[in-house]
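Biologist: I would like to learn how to read a model of a complex, step by step. Could you show me the structure and take my questions as they come?

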Amino acid sequence: MDLDVAMRVASAGMKLQAARLRVVAENLANAESTARTPGGEPYRRKVLEVASRRDRETGALVATIRRWAVDRRELPLRYAPGHPAADAAGYVRFPNVNPLIELMDMREAQRSYEANLNAMQMARTMLQRTLDILR
Amino acid sequence: MKATLGQALEAYTAAVVRDRAALAPSDDPTGGELGFAALVREQLASTVGALARSESRVVAGLLGKASVQDVVEAVSAAELSLQKFTAVRDRVIAAYQEIMRMPV
């Protein structure tokens with residue numbers, strides 16, 4: 001039934017936003033994770049690639065993670081001569097994580113989660129109100 | 001009252017046949033059996049299925065194998081399914097009682 005399917009779709013959306021929040025948390029936590037040796041790769045910002053998939057049971061299109069992608073943007077250099085990963089000139093490659101962007105992503109994930117939550121609640125309320133007619 | 005019990009039963013059977021034709025046009029798990037028992041059996045089976053699904057989802061959730069969202073979705077689907085079943089059952093029983101009260 002459509003309202004049940006709506007609940008399924010909303011719950012998949014909530015799961016996706018939870019995964020997104022996890023990515024944001026990882027990015028924020030690893031904003032300073034550098035390599036151990038000069039020339040090594042520091043942490044790179046992760047991004048979620050979202051895809052819609054057809055749910056086999058209900059036939060609805062639900063949002064899922066296609067893959068965890070890596071942000072290929074340039075890594076910023078920071079002058080830190082004492083660092084174990086510093087090159088000959090004293091520069092260290094730092095992760096390409098911008099906390100401001102991550103905070104905006106976090107907000108977006110929160111809002112989207114709430115939107116899906118509202119859809120789920122609404123489907124439930126509509127079903128319940130319909131059943132109330134019989135009482 | 002002009003309508004006889006026979007007419008009422010006929011009308012009721014016709015209504016059930018019509019509803020069942022609308023609900024299950026092709027595959028009929030009860031083998032063409034009509035009436036309240038078949039209706040209850042069908043609804044009960046689907047409700048029990050939903051409850052079992054929600055129970056297994058809750059266990060998986062407690063073991064950390066299913067997400068909170070999955071658990072909430074399964075539990076509320078089962079709850080609504082049970083509500084649907086009880087509402088329809090109450091309604092059909094009320095209809096039967098109505099027929100029983102008819103003067104023959």
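Modeller: We will go through confidence, then chain B, then the contact between chains, and end with the strands of chain A. Keep in mind that this is a predicted model.

Biologist: Let's begin with confidence, then. What ipTM and pTM does the predictor give the complex?

Modeller: The predictor assigns an ipTM of 0.70 and a pTM of 0.73 to the complex. For chain B, the mean pLDDT is 77, and 69% of the residues reach 70 or more.

Biologist: Which elements of chain B have the lowest and the highest mean pLDDT?

Modeller: A general caution comes before the case: where pLDDT is low, the predicted coordinates should not be read in detail. In chain B, helix α1 (residues 5-23) has the lowest mean pLDDT among the elements, 64, while α3(B) has the highest, 87.

Biologist: How many helices and strands does chain B have?

Modeller: Chain B has three helices and zero strands, and the order from the N terminus is α-α-α. Buried residues account for 14% of its 104 residues. Of the contacts in chain B between residues at least 6 apart in sequence, 50% join residues at least 24 apart.

Biologist: How do I check the length of a helix such as α2(B), and what should its 27 residues span?

Modeller: The idea is to count 1.5 Å a residue and compare the result with the distance between the end C-alpha atoms. For α2 (residues 36-62) of chain B, the expected span is 39 Å and the ends are 38 Å apart, which agrees. The 33 residues of α3(B) can be treated in that way too: 48 Å is expected, and the end C-alpha atoms are 48 Å apart, so the two values agree.

Biologist: Which residues of α2(B) are buried, and what comes after the helix?

Modeller: Ala50(B), Ser54(B) and Arg57(B) are buried in α2(B), and α3 of chain B is included in what covers them. After α2(B) comes Gly64(B), with a positive phi near 80°.

Biologist: And what do the buried residues of α3(B) pack against?

Modeller: They pack against α1 and α2 of chain A together with α2 of chain B. The buried residues of α3(B) include Gln69(B), Glu73(B), Ala77(B), Ala78(B), Leu80(B) and Phe85(B). Ala77(B) shows both sides of this packing: setting aside residues up to four places away in sequence, it touches Asp4(A) and Met7(A) as well as Ala50(B) and Ser54(B).

Biologist: How many residues of each chain are in contact across the two chains?

Modeller: There are 13 residues of chain B in contact with 13 residues of chain A. On the chain B side, five are nonpolar, four polar and four charged.

Biologist: Which residues have the most contacts inside the largest nonpolar core?

Modeller: They are Met7(A), Ala10(A), Met120(A), Ala123(A), Ala77(B) and Ala78(B), in a core of 14 residues. Helices α1 (2-29) and α2 (99-132) of chain A and α3 (68-100) of chain B each supply at least two residues of this core. The most come from α1(A), which gives six.

Biologist: Now the strands. How do β1 and β2 of chain A run, and how many bridges join them?

Modeller: Strands β1 (residues 46-54) and β2 (residues 61-70) of chain A run antiparallel and are joined by nine bridges. To follow the pairing, take Leu48(A), which stands opposite Trp68(A), and Arg53(A), whose bridge partner is Val62(A). The two strands form a hairpin with six residues between them, and Gly59(A) in the turn has a positive phi of about 80°.

Biologist: Why does Val50(A) count as partly exposed?

Modeller: Burial is read by counting neighbours, and 20 or more other C-beta atoms within 10 Å would make a residue buried. Val50(A) in β1(A) has 14, so it is partly exposed. Apart from residues up to four places away, Val50(A) touches Leu16(A), Ala63(A), Ile65(A) and Arg66(A).

Biologist: What does Ala60(A), in the loop between β1 and β2 of chain A, contact?

Modeller: Beyond its neighbours within four places in sequence, Ala60(A) is in contact with Val5(A), Arg8(A), Val9(A) and Asp55(A). The C-alpha atoms of Ala60(A) and Val9(A) are separated by 7.2 Å, although the two residues are 51 apart along the chain. Ala60(A) counts as partly exposed because it has 16 C-beta neighbours inside 10 Å.

Conventions. Residues are numbered from 1 along each chain as its sequence is written. Chains are lettered from A and ligands numbered from 1 in the order in which they are written. This is a predicted model: local features need pLDDT of at least 70, side-chain atom pairs count only at pLDDT 80 or more; totals for chains, interfaces and linings use all residues. Two residues are in contact if their C-beta atoms, placed from the backbone, lie within 7 Å. Ala, Val, Leu, Ile, Met, Phe, Trp, Tyr, Cys and Pro count as nonpolar, Asp, Glu, Lys and Arg as charged, and the others, Gly among them, as polar. A nonpolar core is a set of buried Ala, Val, Leu, Ile, Met, Phe, Trp, Tyr and Cys residues joined through C-beta atoms within 7 Å. A residue is buried if 20 or more other C-beta atoms lie within 10 Å of its own, exposed if 12 or fewer, and partly exposed in between; C-beta atoms are placed from the backbone. Helices (H or I, at least four residues) and strands (E, at least two) are DSSP runs, numbered from the N terminus. The expected span of a helix is 1.5 Å times one less than its number of residues. pLDDT is the predictor's confidence in each residue, from 0 to 100. Two strands pair if DSSP finds at least two bridges between them.
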